[in-house]
Amino acid sequence: MLRLRPLDPVDTEPGAAERGNIIHAAIAEFTQTYVKELPADPVGALIALGESRFAALEDFPEARAFWWPRFKRIAHWFARWELARRAAITALTAETDGKIEIALRDGTFKLRGRADRIELCRDGRYAILDYKTGAARTEKQVRSGLAPQLTLEAAILRDGGFDGIAAGGSIAELLYVQLRGGDPAGELKPIQFREGTPDSQADHALAKLMELAQHFDDDMTPYRSLVHPMWRTHYGDYDHLARVKEWSSSGGVTDDLVGGE
């Protein structure tokens with residue numbers, strides 16, 4: 001709400017976030033560049049794009065020495081997967097922005113999202129993919145709303161919020177593509193819902209977001225910190241602003257006190 005962003009420590013070695021950004025940027029550029037047709041040598045093309053991205057690590061030779069071989073393994077895996085994947089779809093878009101508006105009592109709430117990859121399947125439905133260099137979200141996290149990125153992207157698609165995709169589209173698959181460079185270098189993590197379908201889960205996620213937006217449209221609704229118990233033992237970047245430690249050391253944290261109310 002305050003638009004504050006934590007600063008990186010001074011002179012620290014690049015970590016997992018930087019590695020993820022570099023790998024993701026190379027994969028995204030490859031997909032965008034060859035969105036209509038793959039090059040004759042997809043591995044070579046992807047490695048060439050990776051070299052330009054890894055130039056940011058010239059001042060960190062140890063990090064580059066560790067990550068570059070992993071990226072090359074990812075490039076070989078991704079090229080094989082891409083060749084097989086393209087044969088099963090009719091079109092795709094990459095790094096595409098979408099948005100829809102949710103009507104509130106005193107205005108609108110804009111839901112915006114950027115999809116790593118949207119595929120048009122041969123049966124006319126769509127698949128939405130997200131590249132992950134870290135851990136993929138579990139089905140339970142997605143279904144419960146703790147990780148609603150893909151279901152909300154699906155809701156945007158179904159509402160016609162992505163350019164070139166008409167409203168009313170159906171979702172065939174929500175899929176994480178995990179790229180870590182180990183053994184295996186890549187792995188597919190489809191979200192196989194225990195309840196409902198990707199379409200119904202997208203509708204459910206949007207309904208819950210609308211409910212939440214309307215709830216916070218009320219000026220009397222406070223913005224609490226650490227609402228979910230699973231995060232109570234993790235210290236966040238903004239917990240000092242919410243005075244979490246002060247309230248925790250005062251003899252117990254209640255729902256009303258969490259967040260420094």
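**Exercise 1. Find out what the buried face of α2 packs against.**

Start with the partners: the buried residues of α2 pack against α1 and α3 (61-86). Bear in mind that we're working with a predicted model here.

Next, pick out the residues involved. In α2, the buried ones are P42, V43, A45, L46, I47, L49, G50 and F54.

**Exercise 2. Check whether the length of α2 agrees or disagrees with its residue count.**

Take the count first: helix α2 covers residues 42-54, which makes 13 residues. The expected span is 1.5 Å times one less than the number of residues, so for α2 you'd look for 18 Å. Now go to the ends of α2: the C-alpha atoms there sit 18 Å apart, so the two values agree.

**Exercise 3. Work out which elements build the largest nonpolar core, and which residues have the most links in it.**

Begin with the members. This core has 30 residues, and I27, F78, V177 and L179 are the ones touching the most other members.

Then sort by element: α1, α2, α3, β3 (126-132) and β4 (171-179) each give two or more residues to this core. The top contributor is α3, with nine residues.

Now zoom in on L179. Skip its neighbours within four places in sequence, and L179 is in contact with I27, I74, W77, F78, Y131, K132, T133 and A185.

Don't stop there, though: a second, separate core holds 27 residues, I128, A136, L157 and I191 among them.

**Exercise 4. Decide whether L4 is buried, partly exposed or exposed, and say which surface patch it belongs to.**

Place it first: L4 is in the segment before α1 (16-33).

Now classify it. Buried means under 20% relative accessible area and exposed means over 50%. L4 comes in at 41% relative accessibility, so it counts as partly exposed.

Finally, look at its company. L4 joins L2, Y238 and L241 in a nonpolar surface patch, and together the four have about 420 Å² of accessible area.

**Exercise 5. Sum up the whole chain: elements, burial, contacts and surface.**

Count the elements: there are seven helices and five strands. Their order along the sequence is α-α-α-β-β-β-α-α-β-β-α-α.

Move on to burial: of the protein's 261 residues, 40% count as buried.

For contacts, take those with a separation of 6 or more; residues 24 or more positions apart account for 64% of them.

Last comes the surface: about 15400 Å² is accessible, and carbon and sulfur atoms own 52% of that.

Definitions and conventions: Residues are numbered from 1 along each chain as its sequence is written. This is a predicted model: local features need pLDDT of at least 70, side-chain atom pairs count only at pLDDT 80 or more; totals for chains, interfaces and linings use all residues. Side-chain values use heavy atoms; hydrogens and water are left out. Patches are made of residues with over 30% relative accessible area and no salt bridge: like charges are joined within 9 Å, nonpolar side chains (Val, Leu, Ile, Met, Phe, Trp, Tyr) within 5 Å. Accessible areas come from the Shrake-Rupley method with a 1.4 Å probe; for residues, only the protein chains shown count as cover. A salt bridge is a side-chain nitrogen of Lys or Arg within 4 Å of a carboxyl oxygen of Asp or Glu. Helices (H or I, at least four residues) and strands (E, at least two) are DSSP runs, numbered from the N terminus. Buried means under 20% relative accessible area, exposed over 50%, partly exposed in between (1.4 Å probe, protein chains only). Contact means heavy atoms within 4.5 Å. A nonpolar core is a set of buried Ala, Val, Leu, Ile, Met, Phe, Trp, Tyr and Cys residues joined through side-chain atoms within 4.5 Å.
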